[in-house]
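This report describes the fold and the charged side-chain pairs of one protein chain. The sequence and structure are shown first.

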Amino acid sequence: MHDPEKGQEVASKHAWSAAVSRAAGEKVLDDPKLLKKSIKREEGIRNKSAKKWQERKEMEKKGQQKKQDTRKEHIQQRATEKKERSIAKREKKLARPGFEGRKQGFINKGA
């Protein structure tokens, strides 16, 4: 499956092309240590960016949830206040001036 002779041939071609490039004064980026270091650094940057993005998404989600909770609370508060106002209005109607307490029924009911 793998041909070692072909591998050596490719390696030698690469080595010759690198040597020719160096002789021509070009920079050849083929140092395995530096390449590994560069790949690792890029991977770290990518991971850091992904982590930041995840945190941003979480913060956005928390903010949305907080706004929804606040909105729900305010709606509930308004409904409660409306009920209290209607109860107060009814109480005011049932109170009769010159009499003690609430209206129990008609005044001349028994007659």
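A residue is called buried under 20% relative accessible area, exposed over 50%, and partly exposed in between. At 46% relative accessibility, R56 therefore counts as partly exposed. The model discussed here is predicted.

**Overall make-up**

The chain contains 2 helices and 0 strands. Of its 111 residues, 1% are buried. The area exposed by the chain is about 11700 Å², and 56% of this comes from carbon and sulfur atoms.

**Helix 1 and the residue after it**

Helix 1 covers residues 4–23, a run of 20 residues. From its first C-alpha to its last, helix 1 reaches 28 Å, close to the 28 Å expected at 1.5 Å a residue. Just after helix 1, G25 adopts a positive phi of about 95°.

**Salt bridges**

Side chains of opposite charge can pair when their charged atoms come close. The structure has 2 salt bridges, listed here with the distance between the closest N and O atoms.

| Acidic residue | Basic residue | Closest N and O atoms |
|---|---|---|
| D30 | R22 | 3.0 Å |
| E60 | R56 | 3.5 Å |

In the pair formed by D30 and R22, D30 has 28% relative accessibility and counts as partly exposed. R22, at 46%, is also partly exposed.

The pair of E60 and R56 lies in helix 2, which spans residues 32–94. Why can these two side chains meet across a helix? E60 and R56 are 4 residues apart, so about one helical turn separates them. An α-helix has 3.6 residues a turn, so residues three or four places apart point the same way. E60 has 43% relative accessibility and counts as partly exposed, as does R56 at 46%.

Methods:
Residues are numbered from 1 along each chain as its sequence is written. This is a predicted model: local features need pLDDT of at least 70, side-chain atom pairs count only at pLDDT 80 or more; totals for chains, interfaces and linings use all residues. Side-chain values use heavy atoms; hydrogens and water are left out. Buried means under 20% relative accessible area, exposed over 50%, partly exposed in between (1.4 Å probe, protein chains only). Accessible areas come from the Shrake-Rupley method with a 1.4 Å probe; for residues, only the protein chains shown count as cover. A salt bridge is a side-chain nitrogen of Lys or Arg within 4 Å of a carboxyl oxygen of Asp or Glu. The expected span of a helix is 1.5 Å times one less than its number of residues.
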